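Colleague: I would like a close look at one covered helix in this structure, please. Start with the helix itself, then work outwards to what surrounds it and on to the surface.

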Amino acid sequence: MKTLIVYAHPEPKSLNGSLKDLAVSTLLNAGHEVRVSDLYAMNWKAVVDAEDYGPEAARPLKVALDSGRAFDSGTLTADVLAEQEKLLWADTVIFQFPLWWYTMPAILKGWVDRVFTYRFAYGVGEHSDTQYGERFGEGTLVGRRALLSVTAGGPESHYAARGINGPIDDLLFPIQHGILYYPGIEVLPPFVLYGADRMTGGDYSDVAKAWEQRLLALESTEPIAFRRQNFGDYEIPSLHLKEGLEPAGRTGFALHVRG
């Protein structure tokens, strides 16, 4: 298995840094190939601008169309091309990051904004009466798997169904469904560590064991059963879920998960 780890934390000695290092050693010892994109160490540029698209940048800038032309012509910047190549190389992508203000760190969102260009991660496939492009279960990155490894400062009860922060599945839905599943990546259930700010060295041994078990089970873990867009569950072109497909009482983001 070939695994790309996209790591976003500014402190190498942090809990996130330890989890990243443990993932590298565990997977290498199991015979897998591993590559790491350490965004802070790379001094990753986190903002999209005209420089990303070189001669394909229009005036005024049109991010989607300009990024697509730059992708098609091979004129994206070298750092973006390198990350796209890593994604095409990988079988599995692990995202290691802290949950800051209910989402990923800005540097990681900037990685998505710049690397997931038009014509690469979106804007592919045909539109017709039965298909609305290739996305949500189809697309450039189909056949790959992703796992979010996330640390959260608050206790688990704060992220439960009635918790004040909202259910963790809802908080991660925009990342798991809207960013990863959109271009075709199957998404595994996340590995979430709660109470990270209060974790002691004595707690880490249990955390490490749990993380190793998840890593060694990557190939056999069932992905989240997100609904595929073009395979009968949605009306096209409205992309509304067809009536009667959801279990009684289910609403919100959970509508887009089968079963």
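Modeller: Happy to. One term first: two residues are in contact when heavy atoms of theirs lie within 4.5 Å. Please also keep in mind that this is a predicted model.

The helix to look at is H4, residues 106–115. Is H4 mostly covered or mostly open? Mostly covered, with seven of its 10 residues buried. Those seven are Ile107, Leu108, Gly110, Trp111, Val112, Arg114 and Val115. Around them you will find two strands, E1 (2–7) and E3 (92–98), and two helices, H3 (78–89) and H5 (168–181), against which the buried residues of H4 pack.

Leu108 is a good place to zoom in. Leaving aside residues up to four places away in sequence, leucine 108 touches Val6, Ala8, Leu39, Phe95 and Phe97. Leu108 and Trp111 also stand out in the largest nonpolar core, which has 46 residues. Together with Leu87, Phe95, Phe97 and Phe116, they touch the most other members of that core. H4 is one of the elements that give two or more residues to the core, alongside E1, H3, E3, E4 and H5. The largest share comes from H5, with eight residues. There is a second core too, separate from this one, with 20 residues that include Ile5, Leu15, Leu193 and Val207.

Leu15 takes us to another helix, H1, where Leu15 is buried along with Asn16, Gly17, Leu19, Lys20, Leu22, Ala23, Thr26 and Leu27. The cover over the buried residues of H1 includes strands E1, E2, E3, E4 and E6 and helix H6. The length of H1 also works out: its 15 residues (15–29) should span 21 Å at 1.5 Å a residue, and the end C-alpha atoms are indeed 21 Å apart. Just after H1, glycine 31 takes a positive phi of about 90°. Serine 25 sits in H1 as well. Serine 25 counts as partly exposed because its relative accessible area is 30%, between the 20% limit for buried and the 50% limit for exposed.

Now to the charged groups, starting with the helix H3 that H4 packs against. Lysine 86 pairs with glutamate 83 in a salt bridge, with 2.8 Å between the closest N and O atoms. The two are about one helical turn apart, because three residues in H3 separate them. Are these partners buried or exposed? Both are buried: lysine 86 has a relative accessible area of 12%, and glutamate 83 has 1%. Arg114, one of the buried residues of H4, belongs to a network in which salt bridges with shared partners join it to Lys45, Asp49, Asp52 and Asp79.

H3 takes part in another pair. Glutamate 85 forms a salt bridge with arginine 35, the closest N and O atoms being 3.2 Å apart. Since arginine 35 lies in strand E2 and glutamate 85 in helix H3, the pair ties together parts that are 50 residues apart in sequence. Both ends are partly exposed, arginine 35 at 28% relative accessible area and glutamate 85 at 39%. A search of the whole structure finds 13 salt bridges.

For a pair within one helix with unlike cover at its two ends, look at H2. Arginine 69 and aspartate 66 both lie in H2, three residues apart, and their closest N and O atoms are 2.4 Å apart. Aspartate 66 is buried at 0% relative accessible area, whereas arginine 69 is partly exposed at 35%.

Finally, the surface. Tyr40, Trp100, Trp101 and Tyr102 make up a nonpolar patch there, with about 510 Å² of accessible area together. Tyrosine 40 is in the loop between strand E2 (33–38) and helix H2 (63–73), and counts as partly exposed because its relative accessibility is 31%.

Technical notes. Residues numbered from 1 in each chain as written. Predicted model: local features only at pLDDT ≥ 70, side-chain atom pairs only at ≥ 80, totals over all residues. Heavy atoms only, no water. Patch = residues over 30% accessible without salt bridge, like charges linked within 9 Å, V, L, I, M, F, W, Y side chains within 5 Å. Areas by Shrake-Rupley, 256 points an atom, 1.4 Å probe, with all protein chains shown as cover. Salt bridge = Lys/Arg side-chain N within 4 Å of Asp/Glu carboxyl O. Helix = DSSP H or I, 4+ residues; strand = E, 2+ residues; numbered from the N terminus. Buried < 20%, exposed > 50% of the residue type's maximum accessible area, 1.4 Å probe, protein only. Expected span 1.5 Å × (residues − 1). Core = buried A, V, L, I, M, F, W, Y, C linked by side-chain atoms within 4.5 Å.
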